[in-house]
Each structure stands twice: as structure tokens, then as C-alpha cells.
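I opened this model to work through its packing and its strand pairing. My notes follow in the order I looked things up.

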Amino acid sequence: IDVDVAPRIRERRLGVRIVGGEDAVTTAALAALDEPVVTTDAVAIAHLVSGAAPNAGWSTLVLDAHAEGWTAVGPAIVPANRDPELGPWNVDGGRNPRFSLPLLLPSLLAGVEPTEHLGLPSYQGPDALFEGRASITLPPQSGRRRR
């Protein structure tokens with residue numbers, strides 16, 4: 001039996017919200033993405049922090065996952081300062097639809113809002129995918145509030 005599944009998103013239009021304001025490192029990383037981000041009519045919004053640097057394939061992997069039907073997509077987090085608190089998110093590759101922790105720096109379908117975990121935008125709920133091939137490097141001063 002063949003079943004046609006409609007994509008979850010109509011268009012591949014990823015927007016970005018940056019907590020902490022614009023940053024040269026983040027701006028440069030966003031400019032180097034395989035699929036550029038948009039400033040209007042986004043169907044999904046990625047929630048980053050100032051100084052975050054997504055890898056070049058991040059936008060493609062995030063949009064692919066949204067098209068497959070995922071409401072929330074979270075990347076691997078590579079902390080520049082080897083922050084042990086972020087260790088569970090520092091995973092090299094792979095996808096995990098059963099990731100037990102909140103997704104950090106998630107991309108969320110328009111209309112879904114993030115919460116906060118470890119001082120970073122986060123999401124924990126249904127239809128969530130940890131996409132470890134999409135990674136974001138955080139600078140030593142990522143704007144996180146220390147506990």
C-alpha cells in the first residue's frame with residue numbers, strides 16, 4: 001500500500017530570532033548557509049542566541065525535518081568552552097526522535113513558541129526531533145545565564 005504524505009511545510013522558508021541581538025559571528029554563519037534564512041513569511045523560526053554559529057548544512061537539515069512532519073527540530077550544540085552542562089547536546093551526528101531532554105536552540109513551526117532551559121531557548125513536547133547532523137557552535141560567552 002502506497003501512502004502519500006503531504007509535507008508539513010508548504011515552502012522552505014526558515015526565519016531566525018536571535019536572543020541577545022545581532023552578532024558578527026552569527027551574521028556571518030547565517031550568510032554562509034546552504035539554504036538562506038528569510039526575514040518575512042517564515043514557516044519555521046529558529047531560536048538562536050547572539051554569537052551562535054550554525055554549520056553550513058544546518059538550514060537544509062532543519063527544513064528537511066520540518067518537511068518530514070516535525071514541529072520542532074533541535075541541533076547538536078558544540079560549546080566553545082567545553083561546558084559540561086551542555087554535554088548531552090554535544091552529539092556527533094545522528095537523529096533521535098526520542099531525545100529525552102529539551103531541544104536547545106530549536107527551530108519551531110510558526111506559531112509555536114520556545115521556553116527556556118539552561119538559559120537558552122528550548123522546546124520539549126510532541127513531534128520533536130534531535131537532528132545531530134545540524135550543529136551550532138556556541139561561543140564562550142553565549143549569553144546564557146549561569147545557575
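I started at Leu105 and skipped its neighbours within four places in sequence. Leu105 is in contact with His47, Leu48 and Val49. It also touches Pro75, Ile77, Leu120, Pro121, Ile136 and Leu138. I keep in mind that this is a predicted model.

Next I asked which residues of the largest nonpolar core touch the most other members. I found Trp58, Leu86, Trp89, Leu105 and Leu138, out of 36 residues in that core. Then I looked up which elements give two or more residues to this core. They are β2, α2, β4 (72-79), β6, β7 (107-109), β9 and β10 (128-138). β10 gives the most, with 6 residues. I note the general rule here: in soluble globular proteins, nonpolar side chains tend to be buried together.

I moved on to the open sheet of 3 strands. I read its order as β6-β9-β8, with antiparallel pairing. Which strands are at the edge? They are β6 (103-104) and β8 (115-117), each of which pairs on one side only. I checked the register of β8 against β9 (residues 120-123) and counted 3 bridges, in the antiparallel sense. Thr115 stands opposite Ser122 in β9.

Then I turned to the N-terminal part of my list. β1 (residues 14-19) and β2 (residues 44-49) pair over 6 bridges, and the sense is parallel. Gly15 stands opposite Ile45 in β2. I traced the path from β1 through helix α1 (residues 24-31) to β2 and logged the hand of this β-α-β unit as left-handed.

I looked at how α1 begins. Asp23 caps its N-terminal end. A side-chain oxygen of Asp23 lies 2.8 Å from the backbone nitrogen of Val25.

Which residues of α1 are buried? I noted Thr26, Ala29 and Leu30. Why do they lie on the same side of α1? They cover an arc of only 100° around the axis, which puts them on the same side of the helix. The general background is that an α-helix has 3.6 residues a turn, so residues three or four places apart point the same way. On the other side of α1, I found Ala24 and Ala31 exposed.

Last, I looked up what covers the buried residues of α1. The cover includes both β1 and β2, along with β3 (53-54) and α2 (58-68). So much for α1; I closed the notebook there.

Note on methods:
Residues numbered from 1 in each chain as written. Predicted model: local features only at pLDDT ≥ 70, side-chain atom pairs only at ≥ 80, totals over all residues. Heavy atoms only, no water. Pairing = 2+ DSSP bridges. Helix = DSSP H or I, 4+ residues; strand = E, 2+ residues; numbered from the N terminus. Right-handed = clockwise from strand over helix to strand, strands pointing away. Buried < 20%, exposed > 50% of the residue type's maximum accessible area, 1.4 Å probe, protein only. Arc of directions from axis to C-beta. Contact = heavy atoms within 4.5 Å. Polar contact = N/O pair within 3.5 Å; in protein donor to acceptor, adjacent residues only side chain to side chain. Core = buried A, V, L, I, M, F, W, Y, C linked by side-chain atoms within 4.5 Å.
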